[in-house]
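Analyst: Let's explore a protein model together, one question at a time. Please have a look at it, then ask whatever you like.

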Amino acid sequence: MTQFQELPEECLSTILSRTTPVDAGRLSLVSNTFHSAADSDVVWNQFLPSNSHFMDSIISNSPSLSNIDSKKALYLALSDRPIIIDNGLKSFQLDRKSGKIFYMLAARSLSISWGDDERYWNWITMPNSRFPEVAKLCYVWWFEIRGIINTLALSPNTQYAAYLVFKMIDAYGFENKTVDLTVGVKGGHNNTKIVCFDPHIEPVIGRWYSGRRPRPHNIVGLQRPSVRSDGWWEIKMGEFFNSNLEDEIEMSVMEIKSNGCKGNFFLEGIEVRPKEDN
């Protein structure tokens, strides 16, 4: 019987292209033939997003990517750090292990109530932000942020989670207040998740309500933000499954019932990333 490693390199490349980036990396250590097959464009082209027009637009937004001469090197570059696209309005990155797409909408690409009025919101630069601008809340009573993402920009047949990415520096108006977060297909019925931005609240699983039950008065026990590796905070807004159908996913953040003034909230954006397998 012919040994597996004795198969032609082209055949091995085809087989490896049906695996995962992690598997391809491990199998490249088997032999020189496997190493050559595992590094081929046939394998790594399969791990890149299949939408060629989308990939062309990503590469055109980052001149350094256009000089990469292999599909494996391109994959590693796209999974190494976020690539800023659409004139600083979004970022794109591949998950190194799975090849799934991470996508982030900058604050500038979101709809922010009173966001164009300098009395209420300012647009500033922050050295640890990936984007050219972030939104700084001066003061508002009506706190509302909305974003939309088309599922064609994401990996198909994948469970995604959306996260609000922000900071609070000497913030006020959020103490002992609940905030409503929603995620779902545009035009569909979406549940609302109640959380608290106050980081001193005990972190347990967030509560949900349908809109008919009364808002809880006791905020102890609501989900609170966590610190990311880049120094920003994030809080999970909700999940959705991206099928092969084209949909628009709406995401919203709202606190309009407390009648209290809020300020010193810094918004970087909303990140949408594949849910990790348990």
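User: How far apart are N and O in the salt bridge between the side chains of Asp-230 and Arg-228?

Analyst: A salt bridge is a side-chain nitrogen of Lys or Arg within 4 Å of a carboxyl oxygen of Asp or Glu. The model is predicted: local features need pLDDT (the predictor's confidence in each residue, from 0 to 100) of at least 70, side-chain atom pairs count only at pLDDT 80 or more, and totals for chains, interfaces and linings use all residues. Residues are numbered from 1 along each chain as its sequence is written, while side-chain values use heavy atoms and leave out hydrogens and water. For Asp-230 and Arg-228, the N to O distance is 3.2 Å.

User: Is Arg-228 buried or exposed?

Analyst: We call a residue buried under 20% relative accessible area, exposed over 50%, and partly exposed in between (1.4 Å probe, protein chains only). Its partner Asp-230 is partly exposed because its relative accessibility is 29%. The value for Arg-228 is 13%, so this residue counts as buried.

User: How many residues apart in sequence are the parts tied together by Glu-271 and Arg-228?

Analyst: The side chains of Glu-271 and Arg-228 also meet in a salt bridge, at 2.9 Å from N to O. Glu-271 sits in strand 15 and Arg-228 in the loop between strand 12 (226-227) and strand 13 (233-242), so this pair joins parts whose separation in sequence is 43 residues. Helices (H or I, at least four residues) and strands (E, at least two) are DSSP runs, numbered from the N terminus. Once more, then, the separation is 43 residues.

User: Which residues are linked with Arg-228 in a network of salt bridges?

Analyst: Glu-271 pairs with Arg-273 as well, their closest N and O atoms being 2.7 Å apart, and both of these residues are buried. The count of salt bridges comes to 14. The network links Arg-228 with Asp-230, Glu-234, Glu-271 and Arg-273.

User: How many residues does the largest nonpolar core have?

Analyst: A nonpolar core is a set of buried Ala, Val, Leu, Ile, Met, Phe, Trp, Tyr and Cys residues joined through side-chain atoms within 4.5 Å. In soluble globular proteins, nonpolar side chains tend to be buried together. Here, Tyr-103, Phe-143 and Leu-164 are among the residues with the most contacts inside the largest core, which has 60 residues.

User: Which strand gives the largest share of this core?

Analyst: Five residues of this core make up that largest share, and they come from strand 8. A second, separate core of eight residues includes Met-104, Ala-106, Met-126 and Val-134. For the first core, the answer is strand 8.

User: What is the phi of Asp-170?

Analyst: Asp-170 lies in strand 8, which spans residues 158-172. It counts as exposed because its relative accessibility is 67%. Although Asp-170 is not a glycine, its phi is positive, at about 55 degrees.

User: Which residues make the nonpolar surface patch of about 300 Å²?

Analyst: Patches are made of residues with over 30% relative accessible area and no salt bridge; like charges are joined within 9 Å, and nonpolar side chains (Val, Leu, Ile, Met, Phe, Trp, Tyr) within 5 Å. One member, Tyr-139, sits in the loop between strand 6 (134-137) and strand 7 (143-150), and its 31% relative accessibility is why it counts as partly exposed. The patch is made by Tyr-139, Trp-141 and Tyr-172.

User: Is Asn-242 buried or exposed?

Analyst: Asn-242 lies in strand 13. A contact means heavy atoms within 4.5 Å, and leaving aside neighbours within four places in sequence, Asn-242 touches residues including Thr-151, Pro-156 and Tyr-160. Its relative accessibility is 1%, so Asn-242 counts as buried.

User: Over which residues does pLDDT stay under 50?

Analyst: The mean pLDDT of the chain is 87, and 90% of its residues reach 70 or more. Where pLDDT is low, the predicted coordinates should not be read in detail. In this model, pLDDT stays under 50 over residues 203-217.

User: How many strands are in the chain?

Analyst: Of the 278 residues of the chain, 45% count as buried. The chain has six helices, and its strands number 15.

Definitions and conventions
Areas by Shrake-Rupley, 256 points an atom, 1.4 Å probe, with all protein chains shown as cover.
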